[in-house]
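Biologist: Could you walk me through this one? I'd like to start with the surface and then look at how the helices pack.

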Amino acid sequence: MKHESVLGLSMIKNDELVVWINVLSNDQVDQDGEVYPAIAEPEQLMNELNMINDLLKLQKLKALLNKKRGLKDVISGRIAMELTPKNQKL
């Protein structure tokens with residue numbers, strides 16, 4: 001069943017969105033005691049939510065990656081191209 005999200009996030013439901021925003025808007029402490037500051041900038045918060053949404057999409061499509069031969073290499077290449085600085089060639 002497809003759901004509608006206020007921010008256009010296809011994988012994060014509206015009720016889950018509130019939880020994600022609360023988590024990202026508060027300081028976090030990992031098991032080693034390192035503190036990660038809360039995200040205060042709306043643009044940075046939206047970037048994090050988009051990244052989470054994209055990772056959830058990839059997780060959902062994992063079965064497709066396992067079934068289609070060569071698709072994993074194509075997607076890995078596209079991710080590498082996206083992460084490579086624009087002035088640097090692969």
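**Surface patch and helix packing**

Modeller: Keep in mind that this is a predicted model. On its surface, Met-51, Leu-55, Leu-58, Ile-79 and Leu-83 make up a nonpolar patch, and together they have about 480 Å² of accessible area.

Biologist: Which helix gives the most to the nonpolar patch?

Modeller: Two helices, H2 (42-60) and H4 (71-83), each supply at least two of the patch residues. Leu-55, for one, sits in H2. With three residues, the top contributor is H2.

Biologist: And H1 against H2: what do we call their orientation to each other?

Modeller: H1 covers residues 14-24, and its axis lies 11 Å from that of H2, at an angle of about 125°. Angles over 145 would count as roughly antiparallel, and 65 to 115 as roughly perpendicular. This pair fits neither, so H1 and H2 are oblique.

Biologist: Which residues of H2 make the contact with H1?

Modeller: H1 passes H2 in a right-handed crossing. From H1 come Leu-17, Trp-20, Ile-21 and Leu-24. Facing them from H2 are Leu-45, Glu-48, Leu-49 and Ile-52.

Conventions:
Residues numbered from 1 in each chain as written. Predicted model: local features only at pLDDT ≥ 70, side-chain atom pairs only at ≥ 80, totals over all residues. Heavy atoms only, no water. Patch = residues over 30% accessible without salt bridge, like charges linked within 9 Å, V, L, I, M, F, W, Y side chains within 5 Å. Areas by Shrake-Rupley, 256 points an atom, 1.4 Å probe, with all protein chains shown as cover. Salt bridge = Lys/Arg side-chain N within 4 Å of Asp/Glu carboxyl O. Helix = DSSP H or I, 4+ residues; strand = E, 2+ residues; numbered from the N terminus. Axes fitted to C-alpha atoms, helices over the stretch in contact; angles between N-to-C directions. Parallel < 35°, antiparallel > 145°, perpendicular 65-115°, else oblique. Left-handed = near helix turned anticlockwise from the far one by under 90°. Contact = heavy atoms within 4.5 Å.
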